[in-house]
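Got the model open in your viewer? Here's a quick tour: what to select at each stop, and what you'll find there.

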Amino acid sequence: SYTTDTKSREENKTTLENLYSLSIDITKIRRLKEWVLLQEVAYVKEIAAILQEMGADETTVANIIERCPEAILHTPAEINSQRALWQLVCQNEKQLIKLIEQFPESFFTTEYQQNQKANILFFQELGLKNNIITRFLTSAPSIFYNPVEKNKNVIETLQRNYLNLGGSEANMKIWILKLLSQNPFILLNTSTAIEDNLEFLQKNDFTDQEVLQLLSKLKGFIFQLNSTTMQKSMLFSKNIFKCSDQELKQLVLKCPALLYYSVPVLEERLEGLLREGISLAQIRETPVVLELTTQIVQYRIKKLTALGYDIKSGNLESLNGTRKDFEVTYGKIQSKKERPIFNPVAPLHIED
């Protein structure tokens, strides 16, 4: 609704004066979104006053407006509505202003307020904790732009399939909440895409229990895939590891990355491992190593090699896991290496 034609327009002098009075760096705004300064109407003082009312000091107000200049184009009524909306899930205004400072773009997107409110209430009914909902508002705001019926439809499809695959009614709520917490973007998929991907796995002889296992392991990524890419990735893995359909299925269950990474990504990661002297047999034994980028693998191998650990003859398990997992493994190998070969407190038997 705002014009971006900057050639024939002049900057709004009142807007500039109001921004100067708040010690806001106008050069930053010119560099980031100069078109904001050209608008005939802006609510600089009003928006600053609302932020200050919430507890923001001068520096915080400046920081917010410099990062998200279009904030000043919203009416005070729109911002107060948004404030009331986010207060449904924020503990207090101190937390709210902190979130606005960190994620101003998410807060100042006010076009979907009705959908946002309906979705917040739906997520609360579903049992999601407010801290998870605030995380969604800031890191996955687009899921709130959907009409609530669309999000309900996706959740119902998930619930129905979970039960059809043999999941229990008692565990379903925990499963859904965990899946959503791990990957809220599953709500951007259509119900049809979910059905198609599950059908693909069943056609490839994965049992209902195995499909259910994959759903949990994939943390929702399966809903962002399509049968064509999954088929190509599985065929690539089958040819590389020279395995039967049954063996391939076991590899996928061990490492769902073989399903959701494209062939070029899998190729690059395999080549990276082989360059380090790791064999295909080792990778087949521990396929989860393919979930790591080539750079991470190189870094971890370098650290382990410095300790004298030979990855070529050892187990690849030591490379796996999150950064924290690896640091624990590394620490154990290091302490084992540094441990003295004799017990320093044991008495020494010396002959006279």
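Start with the second largest pocket of this predicted model, which holds about 210 Å³ of space. To see its walls, select Lys203, Asn204, Asp205, Phe206, Gln231, Met234, Leu235, Lys238, Asp245, Gln246, Leu248 and Lys249. Now color by helix: H14 (227-241) and H15 (245-254) each supply at least two residues of that lining. Color by residue class instead, and the lining of this second largest pocket comes out as four nonpolar, three polar and five charged residues.

Next, hop over to the largest pocket, with about 320 Å³ of space. Which residues should you center on? Lys217, Lys219, Tyr260, Val288 and Glu291 lie nearest the centre of the largest pocket, out of 15 residues that line it. By class, the lining of the largest pocket divides into seven nonpolar, three polar and five charged residues.

Leave the pockets and pick out helix H9, residues 130-139. Show side chains for Ile132, Ile133, Thr134, Phe136, Leu137 and Thr138, which are buried. What do these buried residues pack against? Turn on the surrounding helices and you'll have the partners of H9's buried residues: H5 (76-86), H6 (93-102), H7 (104-107), H8 (113-126) and H11 (169-182).

Keep Phe136 on screen and add Phe122, Phe123 and Phe144: the four form one aromatic cluster. While you're looking at rings, the structure holds nine aromatic pairs. One of them to try is Phe107 with Phe108, an edge-to-face pair with 5.0 Å centre to centre and 90° between the planes. Are these two rings buried or exposed? Phe107 has a relative accessible area of 0%, so Phe107 is buried, and Phe108 counts as buried too, at 3%.

For a contrasting geometry, select Phe326 and Tyr330. Their ring centres are 6.1 Å apart and the planes sit at 35°, so this pair is tilted. Both residues belong to helix H20 (residues 323-338), four residues apart, or about one turn of the helix. Phe326 and Tyr330 are both buried.

Now for the cysteines. How many disulfides does a search of the whole structure find? Zero. Zoom in on Cys68: its nearest cysteine sulfur belongs to Cys90, 17 Å away, and Cys68 is in no disulfide. With a relative accessible area of 1%, Cys68 is buried. Then jump to Cys255, which is also in no disulfide; there the nearest cysteine sulfur is that of Cys243, at 12 Å. A disulfide needs the two sulfur atoms within 2.5 Å, so neither of those distances qualifies. Cys255 is buried as well, with a relative accessible area of 0%.

Last stop: Ser191, in helix H12 (residues 191-203). Why does Ser191 count as buried? Its relative accessibility is 15%, and the cut-off for buried is under 20%. To see what surrounds Ser191, select Asn153, Val154 and Thr157, the residues in contact with Ser191 once its neighbours within four places in sequence are left aside.

Note on methods
Residues numbered from 1 in each chain as written. Predicted model: local features only at pLDDT ≥ 70, side-chain atom pairs only at ≥ 80, totals over all residues. Heavy atoms only, no water. 1 Å grid on protein atoms, 1.4 Å probe; cavity = no way out; pocket = protein on both sides within 12 Å on 5 of 7 lines; lining within 4 Å. Points joined across faces, edges and corners; volume = space filled by probe spheres on them. Nonpolar A, V, L, I, M, F, W, Y, C, P; charged D, E, K, R; others polar. Buried < 20%, exposed > 50% of the residue type's maximum accessible area, 1.4 Å probe, protein only. Contact = heavy atoms within 4.5 Å. Phe/Tyr/Trp six-rings, centres within 6.5 Å; stacked < 30°, edge-to-face > 60°.
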